[in-house]
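Colleague: Before I go back to the bench, could you take me through this model and tell me how each label is earned?

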Amino acid sequence: MTAPTDQQLIDFVIRETRLIDQHRFEEWLDLFADDGHYWMPLEWGQTDPRLTTSLMYEDKLLLKIRIERLKGNRTFSQKPKSRCHHVIQTPQVERRDEQANEYVTWTPMHYIETRLDQQDLYAAWATHTLAMIDGALKIKLKRVDIVNCDAAFGNIQLFM
Amino acid sequence: MAKYRGNVEAIKGLIRETEVHRDVYIDEEVFQLEMEHVFSNTWVYVGHDSQVPNPGDYFGTTIGTQPILMVRHTDNTVKVLHNRCPHKGTRITTETCGNAGKFFRCPYHAWSFRTDGSLLAIPLRKGYENTGLEQSHAARGMTPVKHVHNYRGFVFAKLNDVGPGFEEFFGESLSSFDNMVDRSPAGRLEVAGGVLRYMHNCNWKMLVENQTDTCHPMVAHESSAGTAIEVWKNAPPGSKKPMAVEIYAPFMASYEFFENMGIRVWPNGHGHTGVHHSIHSDYSAIPGYFEKMAAAYGEERAKAILNENRHNTCYFPNLMIKGPIQLIRLFKPIAANKTLVESWTFRLVDAPEMLLERTLMYNRLINAPTSVVGHDDLEMYERAQEGLHVDANQWVNVQRLYDPSETPDTTAVTNGTTEWQMRNQFRAWSKFMTMAM
């Protein structure tokens with residue numbers, strides 16, 4: 001198996017955020033490995049997603065439910081729909097472990113979600129743990145640490 | 001000009017047998033009066049004593065809109081103090097929770113207080129000689145809340161002298177706390193997992209009412225729970241139903257399911273759904289749990305504890321608890337149109353960890369600002385907060401299964417889709433709002 005170059009890792013993360021901003025959620029979900037997770041910790045520096053509460057800790061099934069729900073005719077909190085926008089720094093390649101097939105990137109970002117007259121800005125860091133599976137990069141874990149993760153938020157309906 | 005202050009009749013006129021006036025939800029003057037009366041004449045939940053296990057441990061929170069703190073005193077009792085320095089008003093605690101050591105020290109002028117609130121020392125004290133300080137409010141230190149009760153770890157406080165005592169106020173409704181605590185083989189709970197805080201642009205009572213509203217899940221949550229069921233249908237045959245689907249799916253249960261689950265009302269505005277069964281009844285057994293319960297209580301008693309599957313128990317004014325999954329939600333009023341919802345979770349001491357894992361999963365799937373079920377509900381509350389500004393109809397209807405012979409402050413078990421518990425809450429609201437006016 002050919003190991004990905006740093007540039008391929010960077011391009012992957014940039015494309016991943018673009019798919020969210022363009023609401024191409026099915027394509028986005030395909031980027032996850034079958035056992036991949038999306039994790040948004042509640043606690044600063046959280047290490048455990050199981051016995052510490054998170055804002056989100058979702059496998060592909062739960063992410064699929066969210067994506068299907070966004071399309072639903074009776075999804076009233078999406079009438080009208082939310083929109084979102086990422087501004088990301090160039091992802092930094094944090095770790096490459098070709099033996100273990102594990103590649104980690106770290107990406108500071110600003111994320112904006114809007115609906116009706118409301119616009120909310122979040123600052124966060126995304127940590128992607130990626131692997132080469134059947135010749136393609138896949139997400140094993142996307143961890144999003146919001147700077148003020150423990151603040152009281154209103155609705156966050158899309159994906160950071 | 002004040003429309004409601006000093007006008008008991010106007011306040012009472014806001015609550016009819018089967019209707020509630022919109023000012024109860026949108027009027028700032030009514031909100032202010034609620035803080036002075038409803039949140040002062042009743043026993044309001046403060047926190048759990050496992051949050052302050054050691055002397056000097058404190059936890060800062062609010063009753064209504066007033067900052068208070070709960071602290072473990074040197075004699076091991078839990079005190080509740082008004083969280084301001086008697087000198088200039090500075091909030092004493094800097095962190096939400098922590099340990100004060102032997103005394104609190106105000107970060108502004110270093111006045112210090114024992115953990116029961118009494119004044120310990122003032123720097124440069126001679127500047128107060130012959131000033132009559134000992135007669136001032138300041139000399140008495142941080143004012144303790146006089147009426148505090150710790151029920152099996154749950155700490156409540158009542159700010160005013162008026163209003164009923166703890167036992168009289170809660171009565172039989174305490175059985176829901178008993179069931180939650182008894183579910184621990186050790187008979188003890190600990191706050192665990194972290195608190196989810198979710199800001200709502202709506203009145204706090206919309207959330208309270210929703211807890212016993214059994215005609216909304218299959219409608220408002222069709223988008224989330226209904227989708228979960230549809231997506232799960234595509235799973236390969238024979239797949240084990242995941243915990244998350246077990247949690248989502250019952251929200252789509254039929255009207256008949258909710259009618260048959262039953263609602264119980266108690267005096268003083270308390271009540272619960274899920275008398276006979278609930279959305280929590282059919283969760284998979286957690287390996288090893290029943291054995292621990294049977295060892296602690298005997299098989300028969302263990303079964304009785306675990307067969308009680310109350311859904312939501314509402315404690316007037318602003319607390320809801322879910323015994324079967326060890327979760328509580330506190331609806332903290334901020335303004336007539338703003339409410340902070342805190343969802344707290346508990347570990348059953350000596351029970352398998354997987355119970356806490358399920359509790360935390362439930363909390364993030366249902367109660368987080370990122371929860372799709374939460375999105376469904378908040379959308380409805382915010383639309384109502386807006387819709388109530390319509391002048392052509394100024395009343396909210398709570399008439400479902402109303403019976404003219406229904407009396408206030410009674411205990412009764414009835415159809416699970418009744419709005420009796422909402423009427424019960426508003427009758428209590430009227431009573432506690434006006435009892436000291």
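**How the labels are earned**

Modeller: Across the interface of chain A and chain B, the rule finds five salt bridges. This is a predicted model, so local features need pLDDT of at least 70 and side-chain atom pairs count only at pLDDT 80 or more, while totals for chains, interfaces and linings use all residues. Residues are numbered from 1 along each chain as its sequence is written, chains are lettered from A and ligands numbered from 1 in the order in which they are written, and side-chain values use heavy atoms, with hydrogens and water left out.

Colleague: What makes B:D376 and A:R69 a salt bridge?

Modeller: The rule wants a side-chain nitrogen of Lys or Arg within 4 Å of a carboxyl oxygen of Asp or Glu. For the side chains of B:D376 and A:R69 the N to O distance is 2.8 Å, so the pair passes that 4 Å rule.

Colleague: How many residue pairs are in polar contact between chain A and chain B?

Modeller: The count is 15 residue pairs, both residues at pLDDT 80 or more. A polar contact is a pair of N or O atoms within 3.5 Å; within protein, one must be able to donate a hydrogen and the other to accept it, and residues adjacent in sequence count only if both atoms are side-chain atoms.

Colleague: Which part of chain A gives the most to the side that touches chain B?

Modeller: Helix 3 of chain A does, with seven residues. Helices (H or I, at least four residues) and strands (E, at least two) are DSSP runs, numbered from the N terminus. The contact takes 33 residues from chain A and 38 residues from chain B, where contact means heavy atoms within 4.5 Å.

Colleague: How much area is buried between chain A and chain B?

Modeller: About 3000 Å², of which carbon and sulfur atoms give 59%. Buried area is the accessible area (1.4 Å probe) that two parts lose on being put together, summed over both.

Colleague: Now the sheets. Why are strand 2 and strand 10 of chain B said to stand at the edges?

Modeller: Two strands pair if DSSP finds at least two bridges between them. Three strands of chain B form an open antiparallel sheet in the order 2-11-10. Strand 2 (44–48) and strand 10 (147–151) each have a single partner strand, so one side of each is left without a neighbour in the sheet. The twist averages 25° from one strand to the next.

Colleague: How do you know that strand 2 and strand 11 of chain B pair?

Modeller: Four bridges join strand 2 to strand 11 (residues 154–158), and the rule asks for at least two, so they pair. One of the partnerships is B:G47 with B:V155. Helix 6 (residues 175–182) of chain B packs on this sheet, touching strand 10 and strand 11, and its direction makes about 155° with that of strand 11. Axes here are lines fitted to C-alpha atoms, for helices over the stretch in contact, and angles run from 0 to 180 degrees between N-to-C directions.

Colleague: What is the strand order in the four-strand sheet of chain B?

Modeller: The order is 5-4-3-6, open and antiparallel. Its edge strands are strand 5 (78–82) and strand 6 (97–99), each pairing on one side only. Six bridges join strand 3 (residues 57–63) to strand 4 (residues 66–72), and B:G60 has B:L69 as its bridge partner.

Colleague: Where is the cis peptide bond of A:K79?

Modeller: It joins A:K79 and A:P80, with omega about 0°. A:P80 is in the loop between helix 3 and strand 3 (83–88) of chain A.
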